[in-house]
Amino acid sequence: MVSAQLFGEALSIVFELELLLIIFAVSLIGVALGALPGIGPALAMALFFPLTFVVPPEQGLSIMAVLYGSTAYGGSISAIIVNVPGTGGSAATLLDGYPMTQRGEGAKAIGISTVSSFSGAMFGLICLTVFAPTLGRWALGIGQAQFFWLAVIGLSAVSAVSGRSLLKSIAAMCLGVVFATIGMDPIRGQERFTFDTFYLEAGMNLIVVLIGIFAISQAIAFSLQMKQEDGTEIAELGGSAMSGFKSVWNNKFGVLRSSIIGTAVGAIPGAGMSTANFLSYIVAANTSKNPEEFGTGREEGLIAAEVANNGSTMGALIPAMTLAIPGGAAAAVFIGVMLSYGITPGPQAFEGPLPYVIFISIFLGDVVFLVFGLVAAGYIAKIIELPRDVLFSSIVIFSLVGAFAMRNNNFDVGAAIIFGLIGYLLMRRGYSIIAFILGFILTPIAEKGFQRALLISDGDWMIFFDGALNIALFLASLLLLSSPILFRLYRT
Amino acid sequence: MSESSVTERGRELLVEDWDILLVTGFIIFMIYQSMKLNTIPRQFPLVFLIMGLVAMLLEMIIRLLPPKYGDPIRRLTTGIAAEMDSELTEDEEEEEEEGEEVQEKRTLAIAIGLIVGFGVLSYLISFLLALPVFVACSIFLLGEGDVKNTILTTIVLLLLVYFVFGDFMNVPIETGEWISADDYLPLFAGGRY
């Protein structure tokens, strides 16, 4: 149940001019970054991570949550206007969005996408507000072994994010775990894998790793696309964005169905925006009276894709905030931000007005993108014309200064570059970098649960299989990890 | 994939799939390192190192198996996400294969060189002074080499970095190992430094 007093406190925190301005600015920046092909929510959040050091947790987490939602929406702009999805979660959007632009209904498509994204995000936000505190309270009663298993379920999400090879992604996740264990062991304080290096004693810093893996590796990838994508021209936008309201209203049942799909898929570990986006689109096409018209600029297709991907961002935050199980890469980064503030996902995340500050900020951020999407999406879209060389320079500069800013340490800059190269190699050779990040972020939570459980049981490993909940969580993680194999076996 | 002997597949593994050997080697090295630790601190990483080793060994075995046996297993262990993406990216991948590999390697080397160079330069002469050099080099070596773009990007990034990191977050972006803020900032910062 939402506490009126805490909600009131949260309102007073959010409605201070400083946070309102931050939400406004971050939402706009998020839309612009999302519209840039290649910059997804995770990369945008990694770039913003260093800025959160200088603000209190309420503001820092609000910045990240708003950025998550607005970047997810921004991806649809480039999908609709130039046929290139800004984020992976907008891949299905272009199937009907771009044909609309081609037939002179670009502004209408943007309007539909904006209102759909807002509707999906609102449904997801309601679910987040209702279910997250309940789940958080449930997490109060669980033991250390269960905490370990919950983190393992998060790690098992590697199966959903794996690319060409599940085995390579498992290896990438294990590498992430190993890099996260560099430094002091969390219970006994013994040094591990430091090779007598002073820098490694403090462990690998999360922000440095995130900046390297997401930002620097992506900048390297951009350098190879410069000649291919420069000279992108934005088509004339025809139609009226405001007519998006009418189109979405006329498809209200489709909106509800896609909202449920999006939020539910988002909450599944590892499934993420792309899966929600495609699944919702496929369901809409299969249940339509005119499935053959999907892909030719059908409004239902655009609505289904956009409602679901924004719903999934909110859905992903439910297990992330309550059980430290990330729905995707961006949710994993969000968990990382929580941990950097010393807030462990679970009951601790629901103390005081903090969750309500986040929820209200998300709402306001979504209102900002709704208004600006309808009024000025065409202007925001101009950012797509930004030359790739400028983008490359900007990402590298912000990333490396951000890595340095954390501790004013030049070794962090070097480490970010090294992780960038590792990330690029992993990406290039078919290892999932999201799997690596999942391993890195979830290790502190998993290991604390693991070691504390063993301390309680005096070293007896059977504590991890003691009781029905432990066994159920173990089976769930096993099922999740082997799901691609089971799925294919079932199909054949 | 055509039928080939174990030796040929082994050679392919060495030449084309070197990453598998590299990752396997790294995991074995880390397992060896973890064996030097006490029991409790090593347990957790060791569990995952062994899991990673098993995954990599399986990947290796799948590649060494004759295609008749290896390909079905490989299909079975392909991520679901890859199947979804492949429909959309198929054409792009083909284009990439047809592209000039040498040119790509050159661009990659320049990009990595620029990033490493910026890291070193920022340490030596500070972020503020390294920034214009990096932007100019990036635009001229990787991009179109447009002078107007270079100047505009430099000014915008300098202002952003200065106000966000230098002013708002108090990060010493104006000081390097060889040069300090006193040497150049008083000229236009009104003696603030």
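Rings of Phe, Tyr and Trp, the last by its six-membered ring, are taken to pair if their centres lie within 6.5 Å. By this rule the predicted model holds 29 aromatic pairs over all chains. A pair of aromatic rings is described by the distance of the centres and the angle of the planes.

One such pair joins A:Phe148 and A:Phe464. The centres are 5.0 Å apart, and the planes stand at 55 degrees. The pair is classed as tilted, because that class covers planes that are neither under 30 nor over 60 degrees apart. A:Phe148 belongs to helix H7 (residues 144–156) of chain A. A:Phe464 sits in the loop between helix H20 (433–456) and helix H21 (468–481) of chain A. The two positions are 316 residues apart in sequence, so the pair ties together distant parts of the chain. Both A:Phe148 and A:Phe464 are buried.

A second tilted pair is formed by A:Phe404 and B:Phe127. Here, too, the values are 5.0 Å centre to centre and 55 degrees between the planes. This pair crosses between chains. A:Phe404 lies in helix H18 of chain A, and B:Phe127 in helix H7 (residues 127–141) of chain B. A:Phe404 has a relative accessible area of 5% and therefore counts as buried, the cut-off being under 20%. B:Phe127, with a relative accessible area of 3%, is buried as well.

Ring pairs also build a cluster. Its members from chain A are A:Phe148, A:Trp149, A:Phe450, A:Trp461, A:Phe464, A:Phe465 and A:Phe474. Chain B supplies B:Phe44 and B:Phe48. The pair of A:Phe148 and A:Phe464 described above thus has both of its residues in this cluster.

The interface of the two chains was then examined as a whole. In chain A, 77 residues are in contact with 74 residues of chain B. The area buried between the chains is about 6,800 Å². Carbon and sulfur atoms give 76% of that area. Three salt bridges are found across the interface. In one of them, the side chains of B:Glu104 and A:Arg428 meet at 2.5 Å, N to O. Nine residue pairs are in polar contact between chain A and chain B, with both residues at pLDDT 80 or more. On the side of chain A that touches chain B, helix H18 (residues 388–407) gives the most, with 13 residues. This side of chain A divides into 49 nonpolar, 14 polar and 14 charged residues. A:Phe404, of the interchain ring pair, lies in helix H18.

Chain B has 10 helices and zero strands. Along the sequence, the pattern is α-α-α-α-α-α-α-α-α-α. Of the 193 residues of chain B, 38% count as buried. Contacts in chain B between residues at least 6 apart in sequence were also sorted by separation. Among these, 54% join residues at least 24 apart.

B:Thr24 offers a local view of chain B. This residue is placed in helix H2 (residues 18–34). B:Thr24 is buried, with a relative accessible area of 5%. The side chain of B:Thr24 reaches the backbone oxygen of B:Ile20 at 2.5 Å. Leaving aside residues up to four places away in sequence, B:Thr24 touches B:Leu53, B:Met56, B:Leu57 and B:Met60.

Key:
Residues are numbered from 1 along each chain as its sequence is written. Chains are lettered from A and ligands numbered from 1 in the order in which they are written. This is a predicted model: local features need pLDDT of at least 70, side-chain atom pairs count only at pLDDT 80 or more; totals for chains, interfaces and linings use all residues. Side-chain values use heavy atoms; hydrogens and water are left out. Contact means heavy atoms within 4.5 Å. Buried area is the accessible area (1.4 Å probe) that two parts lose on being put together, summed over both. A salt bridge is a side-chain nitrogen of Lys or Arg within 4 Å of a carboxyl oxygen of Asp or Glu. A polar contact is a pair of N or O atoms within 3.5 Å; within protein, one must be able to donate a hydrogen and the other to accept it, and residues adjacent in sequence count only if both atoms are side-chain atoms. Helices (H or I, at least four residues) and strands (E, at least two) are DSSP runs, numbered from the N terminus. Ala, Val, Leu, Ile, Met, Phe, Trp, Tyr, Cys and Pro count as nonpolar, Asp, Glu, Lys and Arg as charged, and the others, Gly among them, as polar. Buried means under 20% relative accessible area, exposed over 50%, partly exposed in between (1.4 Å probe, protein chains only).
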